[in-house]
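Thanks for sending this one over. Here are my notes, point by point, for you to follow with the coordinates open.

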Amino acid sequence: MTLYVHVLLSTNTDSIADWMSIHLAPNLDIMLSDTMVINAGIGVNVYDGLIRNEDIAISLALVASL
């Protein structure tokens, strides 16, 4: 198993704090075999400046290679 967190920070140069967005997306990878992985994650916007975003993203994927 592998647990990791994506931290995405975005803004622009005009009123940096007003347009700043901080998005956290923890993910968990579970190895089923040498060529197959299940990935599960959730994404939460923890700060979004003037626009308060309250959406939560959930993802689930099966990744296989040759």
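1. Let me start with Thr35 and its contacts. Leaving aside residues up to four places away in sequence, Thr35 touches Val63, Ala64, Ser65 and Leu66. Thr35 itself sits in the loop between β2 and β3. The C-alpha atoms of Thr35 and Ala64 are 5.5 Å apart in space, although 29 residues separate the two in sequence. Please keep in mind that this is a predicted model.

2. Is Thr35 covered or open? Thr35 counts as partly exposed, because its relative accessible area is 35%, which falls between the 20% limit for buried and the 50% limit for exposed.

3. Now the overall build. The protein has four strands and zero helices, so reading from the N terminus gives β-β-β-β. The four strands form an open sheet in the order β1-β2-β3-β4, with antiparallel pairing. At the edges are β1 and β4 (56-64), each of which pairs on one side only. Ignoring direction, neighbouring strands of this sheet are turned against each other by 20 degrees on average. As general background, strands of a sheet pair through backbone hydrogen bonds, either parallel or antiparallel.

4. The pairing of β2 with β3 is a good place to look next. These two strands run antiparallel and are joined by nine bridges. A hairpin of two residues links β2 to β3. Within this pair, Met31 stands opposite Val37 in β3.

5. On to β3 and β4. This pair is antiparallel too, over nine bridges. Three facing pairs are handy for checking the register: Met36 stands opposite Ala64 in β4, Val37 is opposite Val63 in β4, and Ile42 is opposite Ile58 in β4. Val37 is thus worth selecting in your viewer, since it faces Met31 and also Val63.

6. How many of the nine residues of β4 are buried? The number is zero, so β4 lies largely in the open. This goes with the place of β4 as an edge strand that pairs on one side only.

7. Two asparagines of β3 deserve a look. Asn39 lies in strand β3 (residues 36-47), and it counts as buried because its relative accessibility is 13%, under the 20% cut-off. The side chain of Asn39 makes a polar contact with the side chain of Asp29 at 2.5 Å. Beyond residues up to four places away in sequence, Asn39 touches Tyr4, Asn27, Leu28, Asp29, Ser59, Leu60 and Ala61.

8. The second asparagine is Asn45, also placed in strand β3. Asn45 counts as buried because its relative accessibility is 12%. Which side chain does the side chain of Asn45 meet in a polar contact? The partner is the side chain of Ser21, at 3.3 Å.

9. Thr13 makes a useful contrast to these asparagines. Thr13 is found in the loop between β1 (2-10) and β2 (21-33). With a relative accessibility of 79%, Thr13 counts as exposed, because the limit for that class is over 50%. Thr13 and His23 are ten residues apart in sequence, and their C-alpha atoms lie 19 Å apart in space.

10. What about the overall dimensions? The C-alpha trace spans about 50 × 20 × 15 Å along its principal axes. The radius of gyration is 16 Å, whereas a compact globule of 66 residues would have one near 11 Å. I would keep these values beside the description of the open sheet in the order β1-β2-β3-β4.

11. Finally, burial, surface and contacts for the whole protein. Of the 66 residues, 17% count as buried, Asn39 and Asn45 among them. The accessible surface comes to about 5100 Å², and 65% of that surface belongs to carbon and sulfur atoms. Among contacts with a separation of 6 or more, 34% are between residues 24 or more positions apart.

Methods: Residues are numbered from 1 along each chain as its sequence is written. This is a predicted model: local features need pLDDT of at least 70, side-chain atom pairs count only at pLDDT 80 or more; totals for chains, interfaces and linings use all residues. Side-chain values use heavy atoms; hydrogens and water are left out. Buried means under 20% relative accessible area, exposed over 50%, partly exposed in between (1.4 Å probe, protein chains only). A polar contact is a pair of N or O atoms within 3.5 Å; within protein, one must be able to donate a hydrogen and the other to accept it, and residues adjacent in sequence count only if both atoms are side-chain atoms. Contact means heavy atoms within 4.5 Å. The radius of gyration is taken over C-alpha atoms; the globule rule is 2.2 Å times the number of residues to the power 0.38. Accessible areas come from the Shrake-Rupley method with a 1.4 Å probe; for residues, only the protein chains shown count as cover. Two strands pair if DSSP finds at least two bridges between them. Axes are lines fitted to C-alpha atoms, for helices over the stretch in contact, and angles run from 0 to 180 degrees between N-to-C directions.
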